[in-house]
Amino acid sequence: MTEIAVVGRPVVVGIDGSESAARAVRWAAQEAARRTAPLVIVHACPVVAGHVPEPVPLPRSYHEAVLEQGRERLAEAEAEARGTTPEVEVRTELVFGGAAEDLVGRSASAQLVVLGSRGLGGFTGLLVGSIAVAVSTHGHCPVVVVRGTGPEAGGRREGPVVVGLDGSSTSEAALAFAVEAAASGNAELVAVRTWSDLAVDTAWEHGLTVDWQSIQEAEQRLLEQQLAPHREAHPELVVRTLVTRDRPARSLVEHAEHAQLVVVGSRGRGGFRGLLLGSTSQTLIHHAPCPVAVIPPHQA
C-alpha cells in the first residue's frame with residue numbers, strides 16, 4: 001500500500017477486485033481530480049474465526065492469505081486510479097470487518113463515497129440491496145453508485161446531469177449537488193419534477209372533473225421557483241425543465257438514458273413521496289443506465 005499524506009476531505013471508493021469496482025475506481029479518480037481532492041481506496045476483508053490444531057502444518061494462515069489477496073486488489077485499484085488521473089493523491093487502506101459499517105463511518109469525513117453496482121470478495125453482496133443501499137441509507141455524505149456499461153463505463157460520459165425534484169429540503173440538497181456537477185463540467189442540467197397524486201387520480205377515476213392543465217402549470221411554477229436562485233447564481237448554466245405525471249422512478253430512469261449522472265435526495269415528499277431508499281432511490285440504483293448520486297438531507 002502507498003502511504004501518502006492526505007489533506008482535506010477525500011473521495012472514498014470501496015473496492016473488491018470486481019470489474020464493477022474497477023469502474024467505480026475510474027469514476028472516483030476522475031471525480032477526485034475534478035474536486036482537487038485526495039482519493040482513498042478501501043478494501044474490507046471479512047474476518048472468519050477458526051482454529052487449526054497445532055500438529056497440522058499449513059503453508060500459511062487464512063489471515064495471511066486474506067491480507068495478501070487484499071493487498072493485491074488494492075495495488076490493482078491504485079494502478080487503475082493512477083492510470084486514469086496521475087495527478088491525484090492516492091491512499092489505500094486495508095480494513096477488517098463489515099464493508100458497509102466502515103464506509104458509513106468514513107462518510108462522516110468524506111466529500112463523497114463511490115461504489116460499484118455489484119461486487120464480490122470483501123464486498124460480497126455489493127449487488128444493490130446490501131452494501132450500496134446500506135451506505136446510501138445511512139451515509140453522512142453523498143453516495144454515488146457507478147452504473148452503466150460499455151467503453152465509457154466508469155469514465156465521464158457525455159450528456160446532461162439529471163436531477164429529480166419535489167421541493168423538499170432533501171431535493172434542495174440534490175439540486176445543489178446537481179448544479180455544481182453540471183456547471184463544473186459544462187453540462188446541461190435537466191430538472192425533472194414528476195407528480196402523481198393519489199387523491200387526484202381517485203377523483204378522476206370516479207368521474208369528477210380534474211383540471212390537468214392547471215395542475216401541470218402549478219407544478220411548473222413550483223419547479224421554476226426552486227430553480228430560480230440557481231439560475232441567478234449560474235447564468236451560464238443551460239437548464240431544461242420537465243414536468244410529467246408519472247411515477248418518479250420510471251420517469252427518471254427514462255430521462256437518464258443518455259445522462260452522465262442522475263441525482264436524487266435520499267428521501268422526499270410531494271411528487272417524490274416515499275423517496276426513502278426502498279422506492280425511487282433504490283429503483284434508480286437497481287436500474288439507472290448511468291451513475292446515480294444519492295444525497296442525504298443534511299447536505300442542503
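Which backbone oxygen does the side chain of Ser 184 reach? In this predicted model, the partner is the backbone oxygen of Glu 180, at 2.9 Å. Ser 184 belongs to helix H5, which spans residues 169–184. The side chain of Ser 184 also makes a polar contact with the side chain of Arg 34, at 2.4 Å. This second contact links positions 150 residues apart in sequence, with their C-alpha atoms 8.1 Å apart in space. Ser 184 counts as partly exposed, because its relative accessibility is 37%, a value between the 20% and 50% cut-offs.

A pair of loop residues is worth a look next, starting with the backbone angles. Thr 36 is not a glycine, yet it has a positive phi of about 55°. Thr 36 sits in the loop that runs from helix H1 (19–35) to strand S2 (39–45). With a relative accessibility of 74%, Thr 36 counts as exposed. Asn 186, likewise not a glycine, has a positive phi of about 55°. The loop that holds Asn 186 lies between H5 and strand S7 (189–195). Asn 186 is exposed, its relative accessible area being 76%.

For the fold as a whole, the chain contains nine helices and 10 strands. It has 300 residues, of which 50% count as buried. Among contacts between residues at least 6 apart in sequence, 79% join residues at least 24 apart. The chain exposes about 13800 Å², and carbon and sulfur atoms supply 54% of that area.

Helix H8 (residues 248–255) offers a clear case of two contrasting sides. Pro 248, Ala 249, Ser 251 and Leu 252 of H8 are buried. Seen down the helix axis, the buried residues of H8 fall within an arc of 165°, so they line one face of the helix. An α-helix has 3.6 residues a turn, so residues three or four places apart point the same way. Arg 250 and Glu 254, on the other side of H8, are exposed. The cover over the buried residues of H8 includes strands S6 (161–164), S7, S8 (239–245) and S9 (261–265), together with helix H9 (280–287).

Strand S6, one of the elements covering H8, is itself covered on both faces. In a regular strand the side chains alternate between the two faces of the sheet. Val 161 and Val 163 are buried on one side of S6, while Val 162 and Gly 164 are buried on the other. S6 pairs with S7 in the parallel sense, over four bridges. Within this pairing, Val 162 has Val 190 of S7 as its bridge partner. S7 thus takes part in several of the features described here: it pairs with S6, it helps to cover the buried residues of H8, and it follows the loop that holds Asn 186.

The cysteines complete the picture. A disulfide is a covalent bond between the sulfur atoms of two cysteines. A search of the whole structure finds zero disulfides. Cys 45 is buried, with a relative accessible area of 1%. Cys 141 is also buried, and its relative accessible area is 1%. Both values fall under the 20% cut-off for burial.

Terms used:
Residues are numbered from 1 along each chain as its sequence is written. This is a predicted model: local features need pLDDT of at least 70, side-chain atom pairs count only at pLDDT 80 or more; totals for chains, interfaces and linings use all residues. Side-chain values use heavy atoms; hydrogens and water are left out. Helices (H or I, at least four residues) and strands (E, at least two) are DSSP runs, numbered from the N terminus. Buried means under 20% relative accessible area, exposed over 50%, partly exposed in between (1.4 Å probe, protein chains only). A polar contact is a pair of N or O atoms within 3.5 Å; within protein, one must be able to donate a hydrogen and the other to accept it, and residues adjacent in sequence count only if both atoms are side-chain atoms. Contact means heavy atoms within 4.5 Å. Accessible areas come from the Shrake-Rupley method with a 1.4 Å probe; for residues, only the protein chains shown count as cover. The arc is that of the directions from the helix axis to the C-beta atoms. A disulfide is a pair of cysteine sulfur atoms within 2.5 Å. Two strands pair if DSSP finds at least two bridges between them.
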